[in-house]
Amino acid sequence: MSDHIAYALLVYTSLQIFVTIGALKSGSGSLLPYLALVILVVAIIPACRRFERRWNRLDDSQASDPMLEPYYKRDRMALWLLAIGLPFALTGLFKGLTYAFA
């Protein structure tokens, strides 16, 4: 899980920068993209720590238990959905709020 978290954080950071810079270049002059950036950083750190803590507390025999495989796949999928989807979802939400209140 540690490798997935490391790669997901790289993807997440790249997307966050790309999406936020795109929102800033739109010329809205709003502070909402900066607020979105702060919220994204605050949101991803606890989520990644939760995934890491869950899987690091297992010893080798527990980690290789086939009964845990569906849970591992679920957590891996949730991690990647969060890493890829969160930057787009929150930036879209804040851009929508900017247009709604402009």
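# A four-helix chain and its nonpolar core

The largest nonpolar core holds 14 residues, and Ile5, Tyr12 and Leu79 touch the most other members. At least two residues of this core come from each of α1 (2-25), α2 (32-56) and α4 (69-100). The model is predicted.

## Overall fold

The chain has four helices and zero strands. Read from the N terminus, the order is α-α-α-α. Of the 102 residues in the chain, 26% are buried. Contacts across long stretches of sequence are well represented: among contacts with a separation of 6 or more, 82% join residues 24 or more positions apart. The accessible surface of the chain is about 6,800 Å². Carbon and sulfur atoms account for 68% of that surface.

## Around Ile5 and Phe51

Ile5 is one of the three core residues that touch the most other members. Beyond four places in sequence, Ile5 touches Cys48, Phe51, Glu52 and Leu79. Leu79 is itself another of those three core residues.

Phe51 sits in helix α2. With a relative accessibility of 2%, Phe51 is buried. Its contacts, leaving aside neighbours within four places, are Met1, Ile5, Asp75, Ala78 and Leu79. Phe51 and Ala78 are 27 residues apart in sequence. Their C-alpha atoms lie 9.5 Å apart in space.

## A buried aspartate

Is Asp75, a residue of helix α4, buried or exposed? Asp75 is buried, because its relative accessible area is 2%, and the cut-off for buried is under 20%. Its side chain makes a polar contact of 2.8 Å with the side chain of Trp55. A polar contact of 3.3 Å also links the side chains of Asp75 and Arg74. Setting aside residues up to four places away in sequence, Asp75 touches Met1, Phe51, Arg54 and Trp55. Met1 recurs here, as it also contacts Phe51.

Arg74 belongs to helix α4. Its relative accessibility is 45%, so Arg74 counts as partly exposed.

## Gln16 on helix α1

Gln16 is a residue of helix α1. Gln16 is buried, at 6% relative accessibility. Apart from neighbours within four places in sequence, Gln16 is in contact with Leu37, Leu40, Val41 and Pro87. Leu37, Leu40 and Val41 fall within the range of α2 (32-56), and Pro87 within that of α4 (69-100).

## A nonpolar patch at the surface

Which residues make the nonpolar surface patch of about 240 Å²? The patch is made by Val11, Ile84 and Phe88. Val11 is placed in helix α1. Val11 is partly exposed, because its relative accessibility is 30%, and partly exposed runs between the buried limit of 20% and the exposed limit of 50%.

## Accessibility side by side

The table sets out the residues discussed above.

| Residue | Helix | Relative accessibility | Class |
|---|---|---|---|
| Val11 | α1 | 30% | partly exposed |
| Gln16 | α1 | 6% | buried |
| Phe51 | α2 | 2% | buried |
| Arg74 | α4 | 45% | partly exposed |
| Asp75 | α4 | 2% | buried |

Arg74 and Asp75 are joined through their side chains, yet Arg74 is partly exposed, whereas Asp75 is buried. Phe51 touches both Asp75 and the core residue Leu79.

Methods:
Residues are numbered from 1 along each chain as its sequence is written. This is a predicted model: local features need pLDDT of at least 70, side-chain atom pairs count only at pLDDT 80 or more; totals for chains, interfaces and linings use all residues. Side-chain values use heavy atoms; hydrogens and water are left out. A nonpolar core is a set of buried Ala, Val, Leu, Ile, Met, Phe, Trp, Tyr and Cys residues joined through side-chain atoms within 4.5 Å. Buried means under 20% relative accessible area, exposed over 50%, partly exposed in between (1.4 Å probe, protein chains only). Contact means heavy atoms within 4.5 Å. Patches are made of residues with over 30% relative accessible area and no salt bridge: like charges are joined within 9 Å, nonpolar side chains (Val, Leu, Ile, Met, Phe, Trp, Tyr) within 5 Å. Accessible areas come from the Shrake-Rupley method with a 1.4 Å probe; for residues, only the protein chains shown count as cover. A salt bridge is a side-chain nitrogen of Lys or Arg within 4 Å of a carboxyl oxygen of Asp or Glu. A polar contact is a pair of N or O atoms within 3.5 Å; within protein, one must be able to donate a hydrogen and the other to accept it, and residues adjacent in sequence count only if both atoms are side-chain atoms.
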